[in-house]
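Dear colleague,

I am passing on the structure we discussed, and I would be glad if you could look through it with the notes below at hand.

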Amino acid sequence: MKAPPIAPRPIAAQPPPLRFRARNSLITRILIVNLVALITFAGALIYLQNFRARLLEQREQELLGQGAIIAQFIENQGIEGAEAAILDISNPAGTRVRLYDSNGKLVADNWRNPATTRFHMEDPASPGFNRTSAMTVDRIMDFLTGQNEFPLLDNPVSEPPTVWPEVREAARTGHPLTAARQTADRLVVLQVAVPVSNGSSPSPVVVLTVDTPDVVAMVRRERGSTFLVFLGVLALSLAMTFYLARTVIVPLRQLAFAAHRVRLGRAREVVMPRLPNRRDEIGGLARALADMTIALRQRIDATEAFAADVAHELKNPLASLRSAVEALGSVRDKAARGQLFALIDQDVRRIDRLITDISAASRLEAELSRVKPQPVDLGELVAGITSARLAVGPWRPDVRLELDTPPAGSAMVLADVDRLSQVINNLVDNALSFSPPKGTIAVQVTRRGAQVELSVIDDGPGVPAESRDAVFERFYSERPGDEAYGGHSGLGLSIARAIIEAMDGRIRVSDRTDGKAGAAFHVRVPSL
């Protein structure tokens, strides 16, 4: 039994060998994707810095409102009557309230009343490790976000009012002003100067000063929480990266390396990993590549077997031809020379037919991929081919033809006319090859539901059940005892099967249904 009929395909040009570099690896790309966590963290920090600025701005507006209320109260009560009221002002946030007269003299300061003071002073010169690290982070974030640092507040307790530009400017212009300063431990101190409208210039000024430890603590706390979340997300991202590297990149590299070795011509020694436990796309790809490698090996084997069969089929007629040519020079009898010439002619014709069929078989698959099917009436095509062969040959005069076709238009199929004609001729040639003298070949076309069936029935010896698949293989050489029935290449049926399968059809051989000896070849193709 010959190798299965797998026509060789042209192999496309392959790219150069793969070299896995960092810039090509998926690991790098996955790590780049994981930078989203770092970018998100940076965005959160920038948001926190902007959030702090908005909180400070909101606190300034609150101080301006409080200062306006106190200034209005002082204007109504007079400066002399406001001193006692200012000393009694208590604020949970520790707001310092001072009143300066038009000459810049301090009139009242609620810090002078210990009963209303809700804070205590700490020396920023020895802040400790936690505060030092927090201040370092603050400096880094201010630098990264491009925020300008506030002016340094050296001594918030004893500095005279002449130091504050906003106080002098508010007294001169009569408009409230705000200022923000920063202590050595990076605590922001807000100060507003609100003039008391008493008609004089310069006018008395109410100064409200407050530090913002709650804002700084909130920003630092949220920054720490964000950093912890970032560390968790980063750890998860790195774990996912290595997980993807092991479950995606490693098997892909194994497949790529195996495919590269197949490309180098080592298909027989390469074991393509099938990854049977993987049920995802990687596993599907691995099994598809493994199946493709097996098909490639079978195609290579079929090509090698085809070449060996071609050499074998050509060797016999060539050997016979060589013997006849060598004997021709030593034979003088005319009758014997005539027999030698007839043998030479027969061998030449056989070689010509072999070469023609081999060429057709080798080009068949490529040509089938380029055909453009058209509607064809199979009954009319069969009638035309058989009528032409009866009229002009080739046909055996000792074999009778019985033709049975349906009405025109009832056996329409979608096919290439030339290839379908080739199938009909090959089946008829095969029947003629096996038909005995005075035999009959019946060609029938019938419509069977959604299919059209072509049957070619002969009176030959038939096909044994165990050989009914082998007859469609290339160079099938099991012939009847009387070789006079032959004169064939052994490729006709394999070509017919390839054409029919390309049309989504099916070809098979069986015994005759009427109990007589012979073979019945049936072709079924989809109908229109």
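What follows describes the protein as a whole, then one sheet with its helix, and finally a patch on the surface.

Please keep in mind that this is a predicted model. The protein has 528 residues, of which 38% count as buried, and its secondary structure comes to 10 helices and 12 strands. Among the contacts with a separation of 6 or more, 67% join residues that are 24 or more positions apart. The exposed surface of the protein is about 29,700 Å², and carbon and sulfur atoms supply 58% of that area.

The sheet I looked at is open and has five strands in the order E7-E9-E10-E12-E11, with mixed pairing. Its edges are strand E7 (400–404) and strand E11 (506–511), each of which pairs on one side only, and neighbouring strands are turned against each other by 15 degrees on average, direction ignored. Within this sheet, strand E9 (residues 440–448) pairs with strand E10 (residues 451–457) in the antiparallel sense over seven bridges, and Val445 has Leu454 in E10 as its bridge partner. Helix H8 (residues 378–392) lies across E7, E9 and E10, and runs at about 160 degrees to E7.

On the surface, Ile32, Leu35, Leu38 and Ile39 form a nonpolar patch that has about 390 Å² of accessible area together. Ile32 belongs to helix H1 (residues 26–77), and this residue counts as exposed because its relative accessible area is 52%, where the cut-off for exposed is over 50%.

With best wishes

Notes
Residues are numbered from 1 along each chain as its sequence is written. This is a predicted model: local features need pLDDT of at least 70, side-chain atom pairs count only at pLDDT 80 or more; totals for chains, interfaces and linings use all residues. Side-chain values use heavy atoms; hydrogens and water are left out. Two strands pair if DSSP finds at least two bridges between them. Helices (H or I, at least four residues) and strands (E, at least two) are DSSP runs, numbered from the N terminus. Axes are lines fitted to C-alpha atoms, for helices over the stretch in contact, and angles run from 0 to 180 degrees between N-to-C directions. Contact means heavy atoms within 4.5 Å. Patches are made of residues with over 30% relative accessible area and no salt bridge: like charges are joined within 9 Å, nonpolar side chains (Val, Leu, Ile, Met, Phe, Trp, Tyr) within 5 Å. Accessible areas come from the Shrake-Rupley method with a 1.4 Å probe; for residues, only the protein chains shown count as cover. A salt bridge is a side-chain nitrogen of Lys or Arg within 4 Å of a carboxyl oxygen of Asp or Glu. Buried means under 20% relative accessible area, exposed over 50%, partly exposed in between (1.4 Å probe, protein chains only).
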